[in-house]
Amino acid sequence: GAMTSWRDKSAKVQVKESELPSSIPAQTGLTFNIWYNKWSQGFAGNTRFVSPFALQPQLHSGKTRGDNDGQLFFCLFFAKGMCCLGPKCEYLHHIPDEEDIGKLALRTEVLDCFGREKFADYREDMGGIGSFRKKNKTLYVGGIDGALNSKHLKPAQIESRIRFVFSRLGDIDRIRYVESKNCGFVKFKYQANAEFAKEAMSNQTLLLPSDKEWDDRREGTGLLVKWAN
């Protein structure tokens, strides 16, 4: 049957606050914009890891306080699978859709879909929030071998995994896996979905629960998701 719309249910609490790393301050709208920038660099400098949290769009999406308040912006923690507020969150807990994109369009020249200020220039490593000078809907996806815990798969299988996880996060124009460079490119229809997916898929595993390696997924290094040049 048809998938339940997120509009018909309340957002889920994704984790209990007590399960979050202590380095993350309590999540209130007040502190949100002050520290996300520091936090988005990873918990411990640049070490790569597999996040213990993951967004399950179908299960976690739903209405929040933000919907009632006419909030435009999405919850960064929701995207990362780690919002402990659920329906009480002041930000949106669903995948950006065409209606959202229309509302965001007036604001997102300088802000991303999470309400973070974009910069004039990309970071040298093409990580970070992105540039307001250049529209970019394409993500570079690296670290694929680490995100598969070196499981041996054919290129077509790897591409279909990339397609599976990213297509849950917005309409996709095209996906390309480049075997020689062991990386992929995912082009979304809308920039807001690329912004959302970049945060949602950073440091995530590409293993599936049906893989025998699934229980050891935290031993991998997770996807490296950046802006494509």
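Start by selecting K118 in this predicted model: the residue is buried, with a relative accessible area of 6%. Follow the backbone either way and you will see that K118 sits in the loop between α5 (98-104) and β1 (138-142). Now show side chains and add E195 to the selection. The side chains of K118 and E195 are joined by a polar contact of 3.2 Å.

Next, go to strand β2, residues 172-178, and pick out I175. Is I175 buried or exposed? With a relative accessible area of 8%, I175 counts as buried, because that value falls under the 20% cut-off. To see what surrounds I175, display its contacts beyond four places in sequence: E159, I162, R163, F185 and V186. Then select K187, which lies 12 residues from I175 along the chain; their C-alpha atoms are 6.3 Å apart.

Time to zoom out and colour by secondary structure. The protein chain has eight helices and four strands. Trace them from the N terminus and the order reads α-α-α-α-α-β-α-α-β-β-α-β. If you switch on contacts between residues at least 6 apart in sequence, 70% of them link residues at least 24 apart.

Try a surface view now. The chain's accessible surface is about 11800 Å², with 50% of it belonging to carbon and sulfur atoms. Of the 229 residues, 48% are buried.

Last stop: colour by pLDDT. The chain's mean is 86, and 86% of its residues reach 70 or more. Select residues 28-45, however, and pLDDT stays under 50 throughout; the model has 30 contacts beyond four places in sequence for this stretch.

Methods:
Residues numbered from 1 in each chain as written. Predicted model: local features only at pLDDT ≥ 70, side-chain atom pairs only at ≥ 80, totals over all residues. Heavy atoms only, no water. Helix = DSSP H or I, 4+ residues; strand = E, 2+ residues; numbered from the N terminus. Buried < 20%, exposed > 50% of the residue type's maximum accessible area, 1.4 Å probe, protein only. Contact = heavy atoms within 4.5 Å. Polar contact = N/O pair within 3.5 Å; in protein donor to acceptor, adjacent residues only side chain to side chain. pLDDT = per-residue confidence, 0-100. Areas by Shrake-Rupley, 256 points an atom, 1.4 Å probe, with all protein chains shown as cover.
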